[in-house]
Amino acid sequence: MLTHIIDTFRTNQTVAAHPSRPQSGTTAGILKLVWQNAMIAGTYWALAVLVKWYFSSYRMWPAPLWLPAGVALFAALAMGRWSWPGIFLGALLADAISFGEPLAWAACFSFGNTIAPLLAAELIRDRMPIGEPFSRVADVIFVGCAAFLDGMIAATIGMTTMFVKISAPVSALPERWFEWALSDAGAALLLVPFFLLWRSQPSFLLQVRKQLGQFLISTSAAILAVVYLLFGTTGIRAADAGASFLILLPLLWMAVRLSLSVAYPVYVLVITATIVGTMSGRGPFFGVERGGTLAIFAQMAIGFGASVLLLGWRRQRTACGRGCTPETQPGPGRPGGPAHRGTARNSATAGKSCLLRPPDRLAQSPVAGRTIRFLPGGRAPQGEPFSILLIDLDHFKDINDNFGHAAGDALLVETGCRLTTSVRECDMVSRIGGDEFVVLLPETSDQADVDALCRRILRRLAEPVPFNEHQLRISPSIGVALFPDHGATWQLLYKAVDLAAYQAKRAGRHTWQWYLPDGSTVDRVLRD
């Protein structure tokens, strides 16, 4: 069910951009919204039942990590305010059925569990690119603040309700409030980055396959560290507890050398194994006084998770020459970098600087000279492989006809800005005329990497562009070709990528297709 809910939200960028209203007024849009909320409610309730059963069976309550809080915060980030029915229903089912609360009191607790993630999500919605998480240190800080805010709001409303309901002694409220807040915050910081990375990054298995040796070594080291923590105890609790930091070392190595989207799932599995082993009577944390184990697990989830994210953020912004994963790499003078923030609402002069590469100089640029080693029309018997994307905007004429040419110009400027901030520093973006753009990817020939970039471009260009009082929307059809496999001259290569883009339009638009030498194409569809 968790896999299904993440896949359901994988392309849902528009709702998050407009949290105050549904994605569409059509029947299909309403049905999709209902389905997503049903998935949220079902997942929330299922996790609540699982957590309650597991930790209650070991007589540990409250749970050290209230996992439904992580699902609720992720849903609020992915869907916006329209996730509230699913969160509220899931919390209501958990409180009324699983915990046996009267309906009125269950509704009060559920209100706190709903409003907390919604307010926390609002904190970071406009400050963090949800489709490109953890490419900056600020993203880690924002998610951490949102997780703690979520926990504190839910704990405050929950403890207030509990105080009114049972007239609990005031002296007991601070400790219970702290446990509640820490449990929710720890679960949110454990699961939300995991879901965001899973949602936005290419396949975990594809990335592992590319660096299998390093992955196996670091994973084996993490497993040995967990085994030593749980079974290699010396009897001195303080010394044995220090062994938990041995788990962190291979995780940090993985985050720096591989990627966050590889390291973070391993980290989640390591924390899970540590909790399960401890609850089974192993390791130095077993038998700690009431509340101590809860705090230890929550602090491990928060501290270890933040450490992995903080050290792995640079790997999310892969620079040219350190690998070919097409990640965002804004730099000085580039849109999104410290010296430039171009949007459709900026001046035309500032915006047009996004379109950096004139089309007639694309094949003669310094990078292209190193990679292509030919001018248009020349042969290239030698040269490093590279990929080329041809991006054709769908229904661009309708924008000009319905909103005027000024709107079309603004959309082209913003498209250029979004493309240049979606690729690496060494990649080249050029508008070659009309509504067509070319992206040149030096030293990038791996299909998984190019697919990841195409997926990123589709998401970025699907976000609405504000223009006056309107929200302009566009989608791209992308053709992909590879040098020298699909053409050893510029003309042949362009013909191949143009045919692939044409086939993408015929396949229904808002997709990308690879050119195949026999003239057919391989479709990689990403639709809502």
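This passage describes confidence, helix packing, an aromatic pair and two backbone features in a predicted model.

Confidence is considered first. The protein has a mean pLDDT of 75. A pLDDT of 70 or more is reached by 71% of its residues. The elements range widely on this score, from a mean of 38 in helix 15 (residues 348-352), the lowest, to a mean of 93 in helix 5 (residues 84-98), the highest. Over residues 8-25, pLDDT stays under 50. The model nevertheless has 53 contacts beyond four places in sequence for residues 8-25. Residues 521-528 also stay under 50. For residues 521-528 the model has 34 contacts beyond four places in sequence. Where pLDDT is low, predicted coordinates should not be read in detail.

Helix packing comes next. Two packed helices are described by the angle between their axes and the distance between the axes. Helix 5, the element with the highest mean pLDDT, packs with helix 3 (residues 27-57), and their axes come within 7 Å. The crossing angle is roughly 30 degrees. Angles under 35 degrees count as roughly parallel, and helix 3 is therefore roughly parallel to helix 5. The crossing of helix 3 past helix 5 is right-handed. Helix 3 contributes Asn37, Ile40, Ala41, Tyr44, Trp45, Ala48, Val49 and Lys52 to the contact. Residues from helix 5 include Trp84, Pro85, Gly86, Ile87 and Leu89. Gly90, Ala91, Leu93, Ala94, Ile97 and Ser98 of helix 5 also take part. By class, this contact has 14 nonpolar residues, 4 polar and 1 charged.

Further along the chain, helix 17 (residues 396-403) meets helix 18 (residues 405-420). Their axes come within 6 Å. They cross at roughly 140 degrees, and helix 17 and helix 18 are therefore oblique to each other. On the helix 17 side, the contact involves Phe396, Ile399, Asn400 and Phe403. Facing them in helix 18 are His405, Ala407, Gly408, Leu411 and Leu412. The contact of helix 17 with helix 18 has 6 nonpolar and 3 polar residues, with no charged ones.

Helix 18 also packs with helix 19 (residues 447-462). The axes of helix 18 and helix 19 come within 10 Å and cross at roughly 145 degrees. Helix 18 passes helix 19 in a right-handed crossing. Thr415, Arg418 and Leu419 of helix 18 meet Ile457, Arg460 and Leu461 of helix 19. Here the classes are 3 nonpolar, 1 polar and 2 charged residues.

Aromatic side chains were also examined. A pair of aromatic rings is described by the distance of the centres and the angle of the planes. Rings whose centres lie within 6.5 Å count as a pair, and the count comes to 8 aromatic pairs. In one of them, Tyr264 and Tyr267 have ring centres 4.9 Å apart. Their planes stand at 65 degrees, so the pair is edge-to-face. Both tyrosines lie in helix 13 (residues 260-279). Tyr264 and Tyr267 are 3 residues apart, about one turn of the helix.

Two backbone features lie in loops. Phe483 and Pro484 are joined by a cis peptide bond, with omega at about 0 degrees. Pro484 is in the loop between strand 6 (475-483) and helix 20 (490-506). His395 is not a glycine, yet has a positive phi of about 55 degrees. The loop holding His395 runs between strand 1 (386-394) and helix 17.

Conventions:
Residues numbered from 1 in each chain as written. Predicted model: local features only at pLDDT ≥ 70, side-chain atom pairs only at ≥ 80, totals over all residues. Heavy atoms only, no water. Axes fitted to C-alpha atoms, helices over the stretch in contact; angles between N-to-C directions. Helix = DSSP H or I, 4+ residues; strand = E, 2+ residues; numbered from the N terminus. Parallel < 35°, antiparallel > 145°, perpendicular 65-115°, else oblique. Contact = heavy atoms within 4.5 Å. Nonpolar A, V, L, I, M, F, W, Y, C, P; charged D, E, K, R; others polar. Left-handed = near helix turned anticlockwise from the far one by under 90°. pLDDT = per-residue confidence, 0-100. Phe/Tyr/Trp six-rings, centres within 6.5 Å; stacked < 30°, edge-to-face > 60°.
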